[in-house]
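Me: I should like to study one protein chain through a series of questions and answers. Please begin with the terms that the answers will need.

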Amino acid sequence: MQRSSRLKRELKQLECNPTEGICCYTKTNNFASLVATIVGPGGSPYNGGIFELEIDVPEKYPFEPPRITFKTPVYHPNIDNKGRICMDLLNMPPKGSWKPTIGLKNLLDAIQHLLGNPNPDDPLMIDIAQEYKFNRQKFEQQVKKYVEETKNKLS
């Protein structure tokens with residue numbers, strides 16, 4: 001009960017006060033599964049890309065963080081080939097920094113920010129993190145290639 005009323009409020013907030021380039025909606029009536037789309041941030045190699053995420057909301061939400069995964073393939077040091085995201089906000093303490101006061105809007109904003117500002121010091125994809133640190137031009141070429149491939153699939 002708490003989960004669905006909280007999520008209704010959060011989704012209404014996202015609808016009435018949207019963040020540019022972020023959209024979120026329910027897949028089912030019970031709020032257990034949501035879909036979000038994030039537009040790649042301007043000024044980054046992800047600019048122009050549209051990324052779909054799946055959000056599984058646990059029964060104990062907001063006392064447990066939602067599980068968020070990218071459905072769109074992403075070339076990023078903090079996102080692996082299965083779409084899992086390495087970000088403190090998505091994990092419970094002591095390893096993470098999840099708090100019940102963090103909402104979907106905050107998480108989606110943080111994920112959009114992470115797209116444009118990778119953290120190569122806490123990677124899921126070590127080889128991509130090394131490329132980001134030591135060969136930024138090659139990294140950006142790979143990102144743009146992924147973004148273009150995704151756009152072509154959507155067309």
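Reply: Helices (H or I, at least four residues) and strands (E, at least two) are DSSP runs, numbered from the N terminus. The model is predicted, so local features need pLDDT of at least 70 and side-chain atom pairs count only at pLDDT 80 or more, while totals for chains, interfaces and linings use all residues. Residues are numbered from 1 along each chain as its sequence is written, and side-chain values use heavy atoms, with hydrogens and water left out.

Me: In what order do the elements of the protein chain run from the N terminus on?
Reply: The protein chain has four helices and four strands. From the N terminus on, their order is α-β-β-β-β-α-α-α.

Me: Which radius of gyration does the protein chain have?
Reply: The radius of gyration is taken over C-alpha atoms, and the globule rule is 2.2 Å times the number of residues to the power 0.38. The C-alpha trace spans about 50 × 40 × 25 Å along its principal axes. For 155 residues, a compact globule would have a radius near 15 Å, and the protein chain agrees with this, at 16 Å.

Me: In which loop is the place of Pro62?
Reply: The peptide bond from Tyr61 to Pro62 is cis, with omega near 15°. In general, most peptide bonds are trans. The place of Pro62 is in the loop between β3 (50-56) and β4 (67-70).

Me: What is omega near in the peptide bond from Pro93 to Pro94?
Reply: Pro94 is found in the loop between β4 and α2 (104-116). The peptide bond from Pro93 to Pro94 is cis, and its omega is near 10°.

Me: Which element supplies the largest share of the largest nonpolar core?
Reply: A nonpolar core is a set of buried Ala, Val, Leu, Ile, Met, Phe, Trp, Tyr and Cys residues joined through side-chain atoms within 4.5 Å; buried means under 20% relative accessible area, exposed over 50%, and partly exposed in between (1.4 Å probe, protein chains only). The largest such core holds 38 residues, of which Ile55, Phe70 and Ile85 touch the most other members. At least two residues of this core come from each of α1 (2-16), β1 (22-26), β2 (33-39), β3, β4, α2, α3 (126-134) and α4 (136-154). The largest share, seven residues, is that of α2.

Me: Is Leu108 buried or exposed?
Reply: Leu108 is found in helix α2. Contact means heavy atoms within 4.5 Å, and, leaving aside neighbours within four places in sequence, Leu108 is in contact with Leu14, Ile22, Cys24, Ala36, Ile38 and Ile55. With a relative accessible area of 0%, Leu108 is buried.

Me: What is the relative accessible area of Lys105?
Reply: Lys105 also lies in helix α2. Leaving aside neighbours within four places in sequence, Lys105 is in contact with Glu10, Gln13, Leu14, Asn17 and Thr19. Lys105 is buried, because its relative accessible area is 15%.

Me: How does Gln130 count at 37% relative accessibility?
Reply: The place of Gln130 is in helix α3. Gln130 is 100 residues from Asn30 in sequence, and their C-alpha atoms are 42 Å apart in space. At 37% relative accessibility, Gln130 counts as partly exposed.

Me: What percentage of the 155 residues in the protein chain is buried?
Reply: Two residues of helix α2, Leu108 and Lys105, have already been described as buried. Across the protein chain, the buried share of the 155 residues is 45%.
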